[in-house]
Amino acid sequence: MTHQDKIKTVEALERFIAQKGSANQVANGMPGVSSATISQMRNHKWELIAGDMWRKVAAYVGVTATGWNFAKTRNSDDLLKFFNDSQQFALVLAITGKAGSGKTESAKKYESENKNAFVLSCNEYWDKRWFLRELLAKMGKDHAGLTMPEMMHKAVQILKSLESPIIILDESDKLADNVLLFFITLYNELENHCGIVLMATHFLEKRIKRGVAMEKKGYREIYSRVGLRFIELETTSFSDVKNVCEANGITDSETVRAISKDCEGDVRRVRRLIFSNKRAS
């Protein structure tokens, strides 16, 4: 990591701490990072901090050593508005879009800039206990020694004590049935107090509607909780690609058109093409 990257990381860390309430809370949510390390970074005592530690913290607060800049697109504008509505009015929303439509990057940006916003990046291997462990960690709370009911009680009580919290479940289509159905319990405990956003590819909508049609346990309740509709994101346009390119130093119109043609509507592919172009130039 360069000195400039470290400065950006500390600046982002300070913003993150301001949003989350305390340095200890942020440190508790970072696996393998101690509050002492956070303190050293903030006080510019960097000599003994390893590169791997810098990269862990940078990734957690949304800073990349590659110098990637967030760019406004139709989907990012819509997503930030949806997240805000969910948080302010304690709404439950289900948002679907193609892989590479900018869901994850927008969610991370919202989390970094808004207090009491918690993004969970879901995985296939999660069980209910792991879900609660990740939720508590995001809130900077320890789960050690707690039973699963105790973890659930602790998470609910913390969320109820916060002003307008929001939980964004990114890639929620990866969750196993028993964990996805756990969403109902969470919703029932936090109704009218906490915003919840299920965010995934279109497979989530198909899966839930299929579950309703097959009368699988809990699926009609999930469908009801999300308001019987799924918000579908737009496909990535040339204008979106142009905005991403220009935000990251690519302004030549022919290069922008070539990237737009080759990216197949995938913002992640746009990123790879931009870096490839920069390396070649």
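A salt bridge here is a side-chain nitrogen of Lys or Arg within 4 Å of a carboxyl oxygen of Asp or Glu. Keep that cut-off in mind for aspartate 266 and arginine 268: their closest N and O atoms are 3.9 Å apart, and the pair counts as a salt bridge. The two partners sit in different surroundings, since aspartate 266 is buried at 17% relative accessibility, while arginine 268 is partly exposed at 48%. All of this comes from a predicted model, so read the distances as computed values.

Let's stay with charges for a moment. Side chains of opposite charge can pair when their charged atoms come close. The structure holds 14 salt bridges, and a few are worth a look. Take glutamate 14 and arginine 42, whose side chains meet with 3.0 Å from N to O. What does this pair tie together? Glutamate 14 belongs to helix α1 (residues 3-20) and arginine 42 to helix α3 (residues 35-42), so the bridge links parts that are 28 residues apart in sequence. Both ends count as partly exposed, with glutamate 14 at 30% relative accessibility and arginine 42 at 33%.

Now try a local one. Glutamate 221 bridges to arginine 225, with 3.5 Å between the closest N and O atoms. Both residues are in helix α11 (residues 219-225), four residues apart, which is about one turn of the helix. Glutamate 221 is partly exposed, at 38% relative accessibility. There's also a network to find on your screen: salt bridges link Arg74, Glu234 and Asp240.

Next, the sheet. Five strands make up an open sheet with parallel pairing, and the order is β2-β3-β4-β1-β5. At the edges are β2 (117-121) and β5 (231-232), each pairing on one side only. Strand β2 runs parallel to β3 (residues 166-170), and five bridges join the two. Look for alanine 117, which stands opposite isoleucine 166 in β3.

Helices pack against these strands. Helix α6 (residues 103-113) touches β2, β3 and β4 (195-200), and its direction makes about 150 degrees with that of β2. Helix α9 (residues 177-190) lies across β1 (92-96), β3 and β4, running at about 160 degrees to β4.

Is glutamine 87 buried or exposed? At 4% relative accessibility, glutamine 87 counts as buried, because the cut-off for buried is under 20%. You'll find glutamine 87 in helix α5 (residues 74-89). Beyond its sequence neighbours within four places, glutamine 87 is in contact with Tyr110, Asn114, Lys115, Asn116, Ala117, Ser164, Pro165 and Ile166. That list includes Ala117 and Ile166, the pair standing opposite each other across β2 and β3.

Finally, the greasy parts. In soluble globular proteins, nonpolar side chains tend to be buried together. The largest nonpolar core has 40 residues, and the ones touching the most other members are Phe131, Leu135, Met139, Ile167, Phe183 and Ile208. Helix α9 gives the most to this core, with eight residues. Zoom in on phenylalanine 183 and, leaving out residues up to four places away in sequence, you'll see it touching Val92, Ile196, Leu198, Ile222 and Arg225. Arg225 is the salt-bridge partner of glutamate 221 from earlier. Apart from the largest core lies another, of 20 residues, including Val10, Leu13, Met41 and Ala58.

Note on methods:
Residues numbered from 1 in each chain as written. Predicted model: local features only at pLDDT ≥ 70, side-chain atom pairs only at ≥ 80, totals over all residues. Heavy atoms only, no water. Buried < 20%, exposed > 50% of the residue type's maximum accessible area, 1.4 Å probe, protein only. Contact = heavy atoms within 4.5 Å. Pairing = 2+ DSSP bridges. Axes fitted to C-alpha atoms, helices over the stretch in contact; angles between N-to-C directions. Core = buried A, V, L, I, M, F, W, Y, C linked by side-chain atoms within 4.5 Å.
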